[in-house]
Amino acid sequence: MYPREIVEPMKEELTDNGFQELLNSTEVDSQLQKAGTTLVMVNSVCGCSAGSARPGVLMAVANSPKKPDFLTTSFAGFDLDAVNKIREHLLPYPPSSPAIALFKDGKLVHMIERHQIEGRPAQLIAHNLIAAFEEYCGK
């Protein structure tokens with residue numbers, strides 16, 4: 001498990017911008033049972049999370065006319081119970097961190113895995129997400 005002092009600033013990059021933390025399996029299941037769209041960002045300490053995933057997610061949310069109903073995040077290697085539960089909901093995709101998933105009415109409808117994040121600019125991640133928001137989000 002990563003030390004809190006390393007993880008907190010990376011968590012705050014999302015929580016300071018409206019993302020709700022999912023800290024345990026009960027919170028994950030409860031959130032994903034809600035009607036509407038839920039964006040789940042599996043955050044990570046890796047460079048691709050800092051350079052592409054987090055900035056891309058934030059760009060997408062800030063610049064899309066349609067947005068998910070709920071913005072959520074859990075941190076791989078830190079929020080262990082929650083991330084394990086999220087990964088159950090992401091099957092058949094293998095464990096990946098960072099990862100970005102969009103659920104609609106509890107069903108996974110869009111997934112961006114680490115191999116689709118690594119080495120790609122944040123703008124590309126944002127464009128990918130904005131297209132998914134356009135397709136699946138009502139507001």
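1. The radius of gyration of the chain is 13 Å, which agrees with the value near 14 Å for a compact globule of 139 residues. That radius is taken over C-alpha atoms, and the globule rule is 2.2 Å times the number of residues to the power 0.38. Along the principal axes, the C-alpha atoms fill a box of roughly 40 × 30 × 30 Å.

2. A word on the ground rules: this is a predicted model, where local features need pLDDT of at least 70, side-chain atom pairs count only at pLDDT 80 or more, and totals for chains, interfaces and linings use all residues. Residues are numbered from 1 along each chain as its sequence is written, and side-chain values use heavy atoms, with hydrogens and water left out.

3. You will find six helices and five strands, in the order α-β-α-β-α-β-α-β-β-α-α from the N terminus. These are DSSP runs numbered from the N terminus (helices: H or I, at least four residues; strands: E, at least two).

4. Take contacts (heavy atoms within 4.5 Å): of those between residues at least 6 apart in sequence, 72% join residues at least 24 apart.

5. Of the 139 residues, 48% are buried, meaning under 20% relative accessible area with a 1.4 Å probe, protein chains only.

6. Helix α4 (residues 80-89) is a nice one to look at: its buried residues are Ala82, Val83, Lys85 and Ile86. They lie on the same side of α4, because they cover an arc of only 160° around the axis, judged by the directions from the helix axis to the C-beta atoms. Their cover includes α2 (25-32), β2 (37-43) and β3 (70-75).

Methods: Buried < 20%, exposed > 50% of the residue type's maximum accessible area, 1.4 Å probe, protein only.
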